[in-house]
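Good morning, and thank you for letting me take a few minutes of the meeting. Please have the structure open in front of you, and follow along on your own screen as I go through it.

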Amino acid sequence: MSEVVGNVIQWGRGKGLNDAKAQLNKVMEEVGEIAHEITRNRFDTPELSDAIGDTLVTVIILSDILGYDPIKCLEEAYEVIKNRKGETK
């Protein structure tokens with residue numbers, strides 16, 4: 001596990017974040033902040049970078065609450081998509 005992922009997990013545990021539904025709400029809130037920036041065509045802003053980072057933090061903490069290794073989840077997802085051909089439209 002990368003050091004930063006481990007640090008995020010420890011930070012979440014230290015804050016007592018252990019409610020999956022509450023954490024899911026945080027994930028959705030942060031994704032909403034990404035949407036807010038993108039729908040206003042703000043692609044190169046500190047706010048968008050912050051929202052993406054916050055989203056990653058909330059997803060990492062959610063995975064830990066649910067007992068999943070976020071890196072393993074990412075690796076498994078990549079294995080599924082890595083050989084796909086074509087475009088996403």
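I would like to begin with K72, whose relative accessible area is 48%, so that this residue counts as partly exposed. Please keep in mind throughout that we are looking at a predicted model. Which residue does K72 pair with in a salt bridge? The partner is E76, and the closest N and O atoms of the two are 3.9 Å apart. For a salt bridge, the side-chain nitrogen has to lie within 4 Å of a carboxyl oxygen, and the value for E76 and K72 is 3.9 Å. Because E76 and K72 are four residues apart in helix α4, about one helical turn separates them. E76 is itself partly exposed, because its relative accessibility is 43%.

In general, side chains that carry opposite charges can pair when their charged atoms come close. How many salt bridges does the structure hold? There are five, and I will describe two others besides the one we have just seen.

One of them joins the side chains of K26 and E29, with a distance of 3.4 Å from N to O. These two residues sit three apart in helix α2, and therefore about one helical turn lies between them. K26 has a relative accessibility of 34%, so we call it partly exposed, and E29, at 40%, is partly exposed as well.

Another joins E79 to K82, where the closest N and O atoms are 3.0 Å apart. Here too we can look at how open each partner is: E79 is partly exposed at 48% relative accessibility, and K82 is partly exposed at 37%.

Let me now turn to the nonpolar side of the picture. Which residues form a nonpolar patch on the surface? They are Y78, V80 and I81, and together they have about 310 Å² of accessible area. Y78 belongs to helix α4, and because its relative accessible area is 48%, Y78 counts as partly exposed.

Helix α4 also matters for the next feature, the largest pocket, since α4, with five residues, gives the most to its lining. The pocket holds about 200 Å³ of space. If you would like to find it on your screen, look for V5, L56, V59, I60, S63, P70, I71, C73, L74 and A77, which line it. Both α3, running from 46 to 65, and α4, running from 70 to 81, supply at least two residues each to that lining. What is the character of the lining residues, nonpolar, polar or charged? Nine are nonpolar, one is polar and none is charged.

Before I finish, please find N41, in the loop that lies between α2, which covers 20 to 39, and α3. Its phi angle is near 55°, which is a positive value in a residue other than glycine. Is N41 buried or exposed? With a relative accessibility of 58%, N41 counts as exposed, because the cut-off for that word is over 50%.

Finally, consider D50, which is found in helix α3 and which, with a relative accessible area of 43%, is partly exposed. D50 and K15 are 35 residues apart along the chain, and their C-alpha atoms are separated by 20 Å.

That is where I will stop, and I am happy to take questions.

Conventions: Residues are numbered from 1 along each chain as its sequence is written. This is a predicted model: local features need pLDDT of at least 70, side-chain atom pairs count only at pLDDT 80 or more; totals for chains, interfaces and linings use all residues. Side-chain values use heavy atoms; hydrogens and water are left out. On a 1 Å grid over the protein atoms alone, a cavity is a set of points where a 1.4 Å probe fits but cannot get out, and a pocket is an open set with protein on both sides within 12 Å along at least five of seven lines; lining residues have an atom within 4 Å of a point. Grid points are joined across faces, edges and corners, and a volume is the space filled by probe spheres set on the points. Ala, Val, Leu, Ile, Met, Phe, Trp, Tyr, Cys and Pro count as nonpolar, Asp, Glu, Lys and Arg as charged, and the others, Gly among them, as polar. Buried means under 20% relative accessible area, exposed over 50%, partly exposed in between (1.4 Å probe, protein chains only). Patches are made of residues with over 30% relative accessible area and no salt bridge: like charges are joined within 9 Å, nonpolar side chains (Val, Leu, Ile, Met, Phe, Trp, Tyr) within 5 Å. Accessible areas come from the Shrake-Rupley method with a 1.4 Å probe; for residues, only the protein chains shown count as cover.
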